[in-house]
Amino acid sequence: MVVILPSSTLENSLSILHQVPEGHVGVYWQGGALLDIITSPGFHLKMPLITHFEPIQVTLQTDLVRDIPCGTKGGVMINFEKIEVVNRLKKDYVHETLLNYGVRYDNTWIYDKIHHEINQFCSVHSLQQVYIDMFDQIDEKMKDALQADCTRYAPGIEIISVRVTKPTIPDSIRRNFQQMEEERTKVLIAIERQMVAEKEAETHKKIAISEAEKNAHVSKIQMEQKLTEKDSARRQEEIANAMYMAREKSLADASFYR
């Protein structure tokens, strides 16, 4: 029996000296059984043909999930073209995770799980909610859903963030949404203009009231000034009359005595 291996696998199997790149750890199999040995970055030796080696990344990595179709609550089919999941495999859980889920552990807990969670989310929400009302919440909902299952079944996988792109919807519905958005924009502009007009009217009113109060205050001051002037003139006239009467009385008394 002749077994023909791929060139990369053959080279990996035949090599004695191998390198673990930075940000990775080395894991090993013998006869298909995962060994407990985990090596750090650098050069290492292994037995050719018997021991198989794979580098496993333990730093941040971004898994790109493409083309996720789903149906909304109303039966409209939409498609998420791209969802990015930033995740990390904890170094202390590498052996446990690979033992349970293999080297392609992210297929189970990220790629397949994203498809499932997106379809679950779409099935209980309308197109309006998915496309507009709740779109800003999808990132966090997907992150929480992924992390909840990973924490329960694969605790070595840490979900850092999820970035969801706007889904593709049928052209006819998209045009309706665009028209709705245009109408909404027009309404917002009209409301903004009305608010500006009301502010201007209020400002003019305040200016008019301020001007009227200023004029009234000025008139009051002028009136008080005139009254003060008249009162002063009256006092002067009273003093002059008193002086005149006193002088005439003196003259009359003098004439009478004489």
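Me: What share of the contacts between residues at least 6 apart in sequence joins residues at least 24 apart?
Reply: This is a predicted model, where local features need pLDDT of at least 70, side-chain atom pairs count only at pLDDT 80 or more, and totals for chains, interfaces and linings use all residues. Residues are numbered from 1 along each chain as its sequence is written, and side-chain values use heavy atoms, without hydrogens and water. Contact means heavy atoms within 4.5 Å. Among contacts in the protein chain between residues at least 6 apart, the share joining residues at least 24 apart is 68%.

Me: How many helices and strands does the protein chain have?
Reply: Both are DSSP runs, numbered from the N terminus: helices are H or I with at least four residues, strands E with at least two. Along the sequence the pattern reads α-β-β-β-β-β-β-β-α-α-α-α-β-α. The count is 6 helices and 8 strands.

Me: Which element gives the most to the largest nonpolar core?
Reply: A nonpolar core is a set of buried Ala, Val, Leu, Ile, Met, Phe, Trp, Tyr and Cys residues joined through side-chain atoms within 4.5 Å. Buried means under 20% relative accessible area (1.4 Å probe, protein chains only). The largest such core has 38 residues, and I83 is one of those with the most contacts inside it. With 7 residues, the top contributor is α3.

Me: Which residues of the stretch from D63 to I68 does I83 touch?
Reply: Residues up to four places away in sequence are not counted. I83 also touches I114, I118, V162, R163 and V164. In the stretch asked about, the partners are D63, L64, V65 and I68.

Methods. Buried < 20%, exposed > 50% of the residue type's maximum accessible area, 1.4 Å probe, protein only.
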